[in-house]
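Colleague: Got a minute to go through this one with me? I'd like to take it piece by piece.

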Amino acid sequence: MPDTESDTALIVIDMINTYEHQDADQLVPSVRRALPAITRLISRARESGVEVIYVNDNFGRWRSHHDELLDTALSGPHADLVEPVRPDADSLFVVKARHSIFFQTPLEYLLSQQGIDRVVLCGQVTEQCVLYSALDAHIRHLRTSVPYDAVAHIHPDLADAALRMMERNMGAEIGAADEVRF
C-alpha cells in the first residue's frame, strides 16, 4: 500500500456473502453486472493508498470473525462473486448487524481516527444498505460518492429511485465508478 494520506475511504458493503437468502435469485445477476466496476474501484483505491474498509453483515453468526465469514462465503455456490473482492491484508473489516454501515458499529470512530471525511460506497443492496448508509453518512456530514455501476440491487426501479434520493436529498455524488476521484 502506498504511503499517501487520503481523506477518502472506499467502503465495500456486504460483498462477503453466501447469497443464501430470499432475494438472492434477484440480486445475483445485478451483482454479476456490478462486480467488474467494484473490483476496479478496489484496485484503484489500493493503488492510490486509499483506505479500503469492508462493512459486512454477520448473518447472525455472532461468534464468527471476518475470516470465518470469508471462508463460509468462499466455500458456497457463489464463491465466484466473492473471490474477486476478497479483503487483502491491509483492508479493514467492520461487522454490522443491520442495514446501515454506521448503526451500532465502530465505523464512525474509525473514520474519525483516520481523518476521513469522504466515503465512496459500493456493494449491495442499492435500495437497502447502500441507501441507509448514504443517509447516515450525510447525517454525519461526510461527503459521499456512490458509483451507480458499482452497486447491486434487487429491484431496479427502487434502486433508480434510491440513487436519485441519495443525489438529491443527501448531496451524494452519483457517477460511474471509473470517474470516482481518489
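Colleague: Where is Thr144 found?
Modeller: Keep in mind that this is a predicted model. Going by the secondary structure, Thr144 is found in strand 5.

Colleague: And is Thr144 buried or exposed?
Modeller: Its relative accessibility is 9%. The cut-off for buried is under 20%, so Thr144 counts as buried.

Colleague: Which backbone oxygen does the side chain of Thr144 reach?
Modeller: The distance is 3.2 Å, and a polar contact needs N or O atoms within 3.5 Å. Thr144 also touches residues farther along the chain, among them Val119, Ala134 and Glu173. The backbone oxygen that its side chain reaches is that of Leu142.

Colleague: On to helix 6. What span does it reach from its first C-alpha to its last?
Modeller: Helix 6 covers residues 156-170, which makes 15 residues. At 1.5 Å a residue, 21 Å would be expected. The model comes close to that, with a reach of 20 Å.

Colleague: Within what arc do the buried residues of helix 6 fall?
Modeller: The buried ones are Ala159, Ala162, Leu163, Met166 and Met170. Looking down the axis of helix 6, they line one face, because they fall within an arc of 100 degrees.

Colleague: Which exposed residues does the face turned away from that buried side carry?
Modeller: The buried side of helix 6 is covered by elements including helix 5, strand 5 and strand 7. The face turned away from the buried side carries the exposed residues Asp157, Arg164 and Arg168.

Colleague: What phi does Gly171 take?
Modeller: Gly171 sits just after helix 6. Its phi is positive, at about 70 degrees.

Colleague: What about His153, buried or exposed?
Modeller: His153 lies in the loop between strand 6 and helix 6. Leaving aside neighbours within four places in sequence, its contacts include Gln26, Arg33, Glu127 and Ala159, the last of which is one of the buried residues of helix 6. With a relative accessibility of 17%, His153 counts as buried.

Colleague: How many aromatic pairs are there, and what is the geometry?
Modeller: The count comes to one aromatic pair. The rings of Tyr54 and Phe93 have centres 6.4 Å apart, with their planes at 10 degrees. Planes under 30 degrees apart count as stacked, so this pair is stacked.

Colleague: How many residues apart are Tyr54 and Phe93?
Modeller: Tyr54 belongs to strand 2 and Phe93 to strand 3, so the pair links distant parts of the chain. Both Tyr54 and Phe93 are buried. The two are 39 residues apart.

Colleague: How many disulfides are there?
Modeller: Cys122 has its nearest cysteine sulfur, that of Cys129, 13 Å away. A disulfide needs the sulfur atoms within 2.5 Å, so Cys122 is in no disulfide. The count comes to zero.

Colleague: Are those two cysteines, Cys122 and Cys129, buried or exposed?
Modeller: Cys122 has a relative accessible area of 0%, and Cys129 has a relative accessibility of 8%. Cys122 is buried, and Cys129 counts as buried.

Colleague: Last one. How far apart in space are Ala97 and Asp57, C-alpha to C-alpha?
Modeller: Ala97 is found in the loop between strand 3 and helix 4, and at 37% relative accessibility it counts as partly exposed. In sequence, Ala97 and Asp57 are 40 residues apart. In space, their C-alpha atoms are 5.5 Å apart.

Key: Residues numbered from 1 in each chain as written. Predicted model: local features only at pLDDT ≥ 70, side-chain atom pairs only at ≥ 80, totals over all residues. Heavy atoms only, no water. Expected span 1.5 Å × (residues − 1). Buried < 20%, exposed > 50% of the residue type's maximum accessible area, 1.4 Å probe, protein only. Arc of directions from axis to C-beta. Contact = heavy atoms within 4.5 Å. Phe/Tyr/Trp six-rings, centres within 6.5 Å; stacked < 30°, edge-to-face > 60°. Polar contact = N/O pair within 3.5 Å; in protein donor to acceptor, adjacent residues only side chain to side chain.
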